[in-house]
Structure formats: C-alpha cells, structure tokens
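Hi,

Here is the model I promised to pass on. Have a look at it first, and then read on for my notes.

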Amino acid sequence: MSTTQVARPITDAEIDQLCINTIRTLSMDAVQAANSGHPGTPMALAPLVYTLWNRVMRFDPQDPIWPNRDRFVLSNGHASMLLWSLLHLTKTQAVNADYEILGQPSVTLDDIRRFRQLDSKAPGHPEYHWVSGVETTTGPLGQGVATSVGMAIAQKWLAAHYNRPGFELFNYNIYAVCGDGCMMEGIASEAASLAAHLGLDNLCWVYDNNHITIEGNTRIAFTEDVATRFMGYGWNVLRVGDANDTDRIEHALEVFRNTNGRPTFIVLDSHIGYGSPHKQDTAAAHGEPLGEEEVRLCKRSYGWPENAKFLVPGGVYERFASGIGARGAEARQEWTKLFEAYRTAYPELATAIDQMQRRELPAEWDRNLPVFPADPKGMAGREASGKVLNVLAQNIPWLLGGSADLGPSNKTLLTDTDAGDFQADNPSGRNLHFGIRENAMAAIVNGLSLSKLRPFGATFFIFSDYARPAMRLSALMELPAIFIFTHDAMGDGEDGPTHQPVEHLASLRAIPGLVVLRPADANEVVEAYRYIMQLRHEPAVLTLSRQALPTLDRSKYAPASGVARGAYVLADAPGGNPDVILIASGSEVSLAVNAHETLLAEGIGSRVVSMPSWDIFQHQTQEYRDSVLPPSVKARLAIEQASTFGWRQYVGDSGRIIGMKTFGASAPLKELQRKFGFEPDQVVAVAKELLGRE
Ligand SMILES: Cc1ncc(C[n+]2csc(CCOP(=O)(O)OP(=O)(O)O)c2C)c(N)n1
Ligand SMILES: [Mg+2]
C-alpha cells in the first residue's frame, strides 16, 4: 500500500503537495468506507494543517504530552479526519492513563480504515483520553475555541510562576481551527472577548471562512462581518485569501508569533470539498460521503491514482519525520536538558511541575483544614467553602479559579495577599475574573485542567445551565475540574423563581462521571473538598447554601467524614433499628435532624441519612449501601429542596418525597419553606403518615 503510484515528486513544493493530498485522500477514503462523516472540510483545510504541523508547530510525535508542546485544537471537530491523518502520518505515539508512552502508534492506518467504527482510534470526533495527541474533545461547536482560551491562560500562568532567568520552560503557543459554526456559537464570542481582554498573544484561531454550513450558504443566517467583530474585541486580524497558499499561511502564522499583547485571528478563505467537480463549495461536501465516482474524480483532479485507497505514497512519512518530527524531537530534547538543569537549580519548583503533570497533590495538601465547632446558628455553605478554599490554595500552589462576576457572593475569592488577580499585566494571578460568561468559564476551566492546573469556576447554581455543555465535556474527558455553585436552593427567596434552581441537581446527577456533592453543614463542606481534591479523573460539582446552616454537633451525631461514602447514617434510632428513614441533603439535613429529635421524643425511632452525593454512594459496596438503607425498612422519606426526579430509587414505591414539583416563588425564605413543606412539623407529619400513625 505504501509504494507510490504517484509521479515521483522532485521539488519541496511537490512533496508538500503530495503530503497535503495524502491528508485529503485519506479523509475521503475513510468517510467513504464508513459511509458517514465529513469529507469536505478536511479536503479544504489539508494545506492549513499541513503547514501548521509540518512547518510551524513544536510538537514531538514521540512524546505527545511533553509539557512545552504547542497545542492544536480542532474546534470544528467534525473535520476529525484532519487530525487522524496528522496523528497517523506523524507517527504520534500512544500514551496511557498513567502518562506512559506505550511504544505503539496512536492512530494506525487500520484505525483510519475503520474510521467511526467501535474501538477504532479514529472515532467520529476528536476524543481526548481516547486518542493520544488529541488535546481536547470537540464536536459541540464553539467548545474547542473556548477551551483554547483556558489553555492560553494556563501557558501564561505557568510561565509567570515557573520560568526563571535562563529557564524559559513554558513558552508554547495554542492554535485552534474553527469554522462558521464555531463563529456563530455564543460561547466563542464570550471566550474571544475575554481572550482579547487578557491580551493572550499566545493564542491563534484560524477561521475556515467557507460560507457553508449544513443548511447551505451562510447567507441564509450569518451575514455579519466576522473580521470586524474580532477587531472590535481587540484581536489582531489577518486574512489569507487562498486556503491552498501554504506560503501565505506560513507567513500569517509567523505574524502571529511576532504579535505581542493580543491574540491573532486568521480569516482563511477556503472552498469546502476542494477539488470535487460536483460538490466543491456546496453543503453536500460537508457531512456525507462524496460517493465512489466523485471520489475518483477528486483524485483525478489531485493527480492521484483514481483507484488507490488509503494510499500513503513513498516520501510522505519521511516528509513529516524531517519536518515536525525532527523539529519536535530537537525542541523536546533541548527542553528536557533545560529541565534537568532547572531541577538542580530549583528543585522545589521542578517537583511541583512533576506533580502537576501527573495530577498529584503536593505533600500536606490538606494541612490546616478547619474543623468547625457545633453551632446552632451555624454558617452558610458558601462561607465555609470560602474558608476551606483559601486554606487549600495555600497548600496547593496551582489551585486557581474564579467566578463569573459573583466572586463576592460565591465566596470564591482567594484573599491570600499574594494570590492576585489574573490580568494581562499580572499573569501570575490566581483569581480569575471570567466576567459574566458562564458558558466560556466552564470551557476555560476545562482548558486549564487540560493544562494540568487545578481550576475551579463558580456562579449561582441556577446559572449552571449556562455552564453545563462544557461540564458535560469535563466528565467525558475525565478532567478533575471543580465547579462551585452557591445559592443552591431557595435560600435567595426574594429573588424568586428565576434564581431558584429546581431541576439542576437532577440534571447534573444525570451526567455520567460527574461527582455532585451537596454538603449539609460546614464540616461536610470540609469533607467534600477533601474528597474532591483527591479526584484525578472526575469533575466535581459542589452546591452550597446561601444561608447559614446549623453546624451539627458531631459529638452527638456521626462524623462528617461519612461524606466520602456519599451517604451515611448521621443520627439513628435507639439500637440502630429505625421505624422510618429520613434521607436528606444540604440545607434539608438539619431539618431532618430536627424532625428526628421530635419523633424520638414521641417514641418513634427514625434514622437520618445525610446523602451529599448520589454518585459517590452508588459506588459503595452493596453491603455498605444496605447498612445505610436497610432493605427491610420500607418507610422512607427523602427531603430535598429540588426536583423530586430520581428520588424514587432511594425511597421505593412506598416511600415519600418532600421536594419541588413546581418552580419556586418570590418571597422570604421562611415563607417559601412553609409553602413548599420544608418545615420540621411537616416532615414529622409525613413520617407519621408513612408509619400509619397520624
Ligand atoms: C453546538 C452544535 N450544534 C450543532 C452541531 C451540528 N453541526 C455539526 S457541523 C455543523 C455545521 C458547521 O458548519 P461549519 O462550522 O461552517 O463547518 P463546515 O461545514 O464549514 O466544515 C453543524 C450544525 C454541532 N456539532 N454542535
Ligand atoms: Mg463553514
């Protein structure tokens, strides 16, 4: 297969063209074989990605996780065949979850032949974790470019903290390729605005300006002047009028590298399905196979053997090896030497970099975590969170983050005097100000996490909806990102139903692999953080109350360390034989405890189960789960100021749920608690009903 039937190239330009056409034809053949996929954009953008990878990027295919590599984000993820072709042709190596290089290729020609098939390393869209060399999962348009802003922030931050005179350890760039879809999505606008504000001159987006989306020409829905928009944000805007002009592309990328103080946006005019006699410049080239005959005609137009399939002509692998392969290897080897010298000069900083890369925590990361004394008045969840976060920030130097303009309410500001604010003129700051951009915030948090920092993002729980698409990707990518959501129920009563989450817990609990925690008091907040910080491959959501919650007396009730098991018996019936089980989370736990005491005084044995996390509980042994919720006890009552959706699994058919079946209302919290049944008397009444003791 690898012997050439193509006219033997002589000049450099001819070899370049051969490589470009290899990317094009592999893409067409793979889509044709899969009978699904997106051929047109890879055909158009092959010259771009070839130029970027083989002439410009510092990336070593032998070590695709080398920390100072340039990052490549394919935000128009449907064009995944570009990436599979590149990873294959550069012979990029596979890496496992323990960050070991396995000595086998990331993407084989067989994977490409089995594009979009089960277990192929050439899936439909770029999947981080699944295919080595993919820097972030893309497919939901706009996410990739927004994530790239997080990567760019991370590079600036790493450079500010770890570079030293003579040791420029971190100086990499971030390249993202995007299309009309990404440009239309709001998340890209949020991210672009912030990127320019922060002066991220390490960030370059290339916009595939082909005027085509699925429904046809962009004139039907997208007629804005994108270039002017980006100028308005403050980007350096360049234009390359011909996507086949590799010299102009290279020049534009050089201008990017020499631009200081602002990110670069390259408008690249291209022809989707380039070379296809019947489909070029039409939506038909976007998302379906070209057809056998059209593939042949395209190959003819490229001067390619018409019937050859999955052909990699002689000289192509070698061209990549002497381009990105040689440049990347040299850059990495130099860096490795530099890092060894750095290790001698700055051993502590080097250790920190090592730990970060492996997602390990520094020694004594949980030093000085507070223990809160019992207090009936107590403390708001967000207040406790702020205290814990600030202690953790002192112990974990690469913990950083911020809020979408709600820092003072979310209590997420790192007040330690040297934390500082991340700004263009202070890239070492650990307080990020995302502005009111929750969508981009969550994607940026992913970008920071992909860069091995430990990031958090925050807003009111109600607005987690705006962050959810990127949070879904955090889970899919198995990133230990942290989302801190305060005002988690009706605590902000007077703000009314627009500000009162109802379905959000259910919705986030439904995301596979996302750990959702709703702690009941200040000490559960501590334990929730203790659990979250040790996660290496799962994102976590912490939902916290706005209002003060009693700090439970842990000498009377079970210790808060039970949080680590997702649910635990907080208070029990005499002899551990409950008539009824009250299960609650967050602000409703102290309510359950109140009801429990009343029931006890009336001779009814109740058990209170604090259940901060369904997800963690579901991962415990059956034996443990049965010890908390004995199958023989059918009288069960769940209490949670949120949608009842899903609670049936814990209370069973004969159980009851005090929760929300409607939106909330605008009124002081106390009135809302009465209206919606979140008062001790009502809990007691339902418990008695369950036992037939009205
Ligand atoms: C958030 C989101 N909405 C919709 C889609 C479905 N979709 C995939 S590609 C596409 C059209 C994209 O057009 P463009 O970015 O211009 O890509 P091109 O066809 O030019 O490669 C759409 C609507 C998606 N992947 N993500
Ligand atoms: Mg397009």
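A residue is taken as near a molecule when one of its heavy atoms lies within 4 Å of that molecule. Please also keep in mind that this is a predicted model.

**Ligand 1**

With that cut-off, 15 residues surround ligand 1, and T41, H78, G181, N210 and H286 come nearest. By type, the shell around ligand 1 consists of five nonpolar, eight polar and two charged residues.

Which backbone atoms are worth displaying next to ligand 1? One belongs to G139, where a polar backbone atom is 2.8 Å from a nitrogen atom of the ligand. Another belongs to G181, with a polar backbone atom 2.7 Å from an oxygen atom of ligand 1. At I212, a backbone N or O atom lies 2.9 Å from an oxygen atom of ligand 1. On its own, ligand 1 has 590 Å² of accessible area, and the protein covers 74% of it. The elements that contribute two or more residues to this shell are α6 (180-184) and β6 (212-213).

**The magnesium ion**

Ligand 2 is a magnesium ion, coordinated at 2.1 Å by D180 (OD), N210 (OD1) and I212 (O). Along the sequence, the donor residues follow the spacing D-x29-N-x1-I. D180 belongs to helix α6, while N210 sits in the loop between β5 (203-209) and β6, so this pair ties together parts that are 30 residues apart in sequence. D180 and N210 are both buried. Some of these names will look familiar from the ligand 1 notes: N210 is listed there among the residues that come nearest, and I212 has a backbone atom 2.9 Å from an oxygen atom of ligand 1.

**Helix α8**

Two residues of helix α8 caught my eye. The first to look up is F230, which lies in this helix. How accessible is F230, buried or exposed? At 0% relative accessibility, F230 counts as buried. Setting aside residues up to four places away in sequence, F230 touches M183, A192, W205, W235, V237 and F265. The C-alpha atoms of F230 and T264 are separated by 9.2 Å, with their positions 34 residues apart along the chain counted as their separation.

The other is A227, placed in helix α8, which spans residues 226-233. A227 has 15% relative accessibility and counts as buried. Beyond its neighbours within four places in sequence, A227 is in contact with V237 and V267. V237 is thus a name to find in both lists, being touched by F230 and in contact with A227. From A227 to R239, 12 residues apart along the chain, the C-alpha separation is 8.6 Å.

**Helices α16 and α18**

S464 is placed in helix α16, which covers residues 464-477. With a relative accessible area of 2%, S464 is buried. A polar atom of the S464 side chain lies 2.7 Å from the backbone oxygen of F461. Not counting residues up to four places away in sequence, S464 touches T459, M471, F485, H504 and L508.

Helix α18 runs over residues 522-533 and includes N523. N523 counts as buried, at 7% relative accessibility. Apart from its neighbours within four places in sequence, N523 is in contact with V371, F372, T551, R554 and A560. As a pair to check across the model, take N523 and F256: they are 267 residues apart along the chain, and their C-alpha atoms are separated by 50 Å.

**Two backbone angles to check**

Most residues other than glycine have a negative phi. What is the phi of N35? N35 is not a glycine, yet its phi is positive, near 60°. N35 is placed in the loop between α1 (12-34) and α2 (40-56), and at 56% relative accessibility N35 counts as exposed.

R359 has a positive phi too, of about 55°, although R359 is not a glycine. R359 is found in the loop between α12 (347-357) and β10 (375-380). Is R359 buried or exposed? R359 is buried, with a relative accessible area of 12%.

That is everything from my side for now. Happy to talk through any of it.

Best wishes

Definitions and conventions:
Residues are numbered from 1 along each chain as its sequence is written. Chains are lettered from A and ligands numbered from 1 in the order in which they are written. This is a predicted model: local features need pLDDT of at least 70, side-chain atom pairs count only at pLDDT 80 or more; totals for chains, interfaces and linings use all residues. Side-chain values use heavy atoms; hydrogens and water are left out. A polar contact is a pair of N or O atoms within 3.5 Å; within protein, one must be able to donate a hydrogen and the other to accept it, and residues adjacent in sequence count only if both atoms are side-chain atoms. Accessible areas come from the Shrake-Rupley method with a 1.4 Å probe; for residues, only the protein chains shown count as cover. Helices (H or I, at least four residues) and strands (E, at least two) are DSSP runs, numbered from the N terminus. Ala, Val, Leu, Ile, Met, Phe, Trp, Tyr, Cys and Pro count as nonpolar, Asp, Glu, Lys and Arg as charged, and the others, Gly among them, as polar. Buried means under 20% relative accessible area, exposed over 50%, partly exposed in between (1.4 Å probe, protein chains only). Contact means heavy atoms within 4.5 Å. Donors are N, O and S atoms within 2.8 Å of the metal (3.2 Å for Na, K and Ca); water is not among the atoms, so sites may look incomplete.
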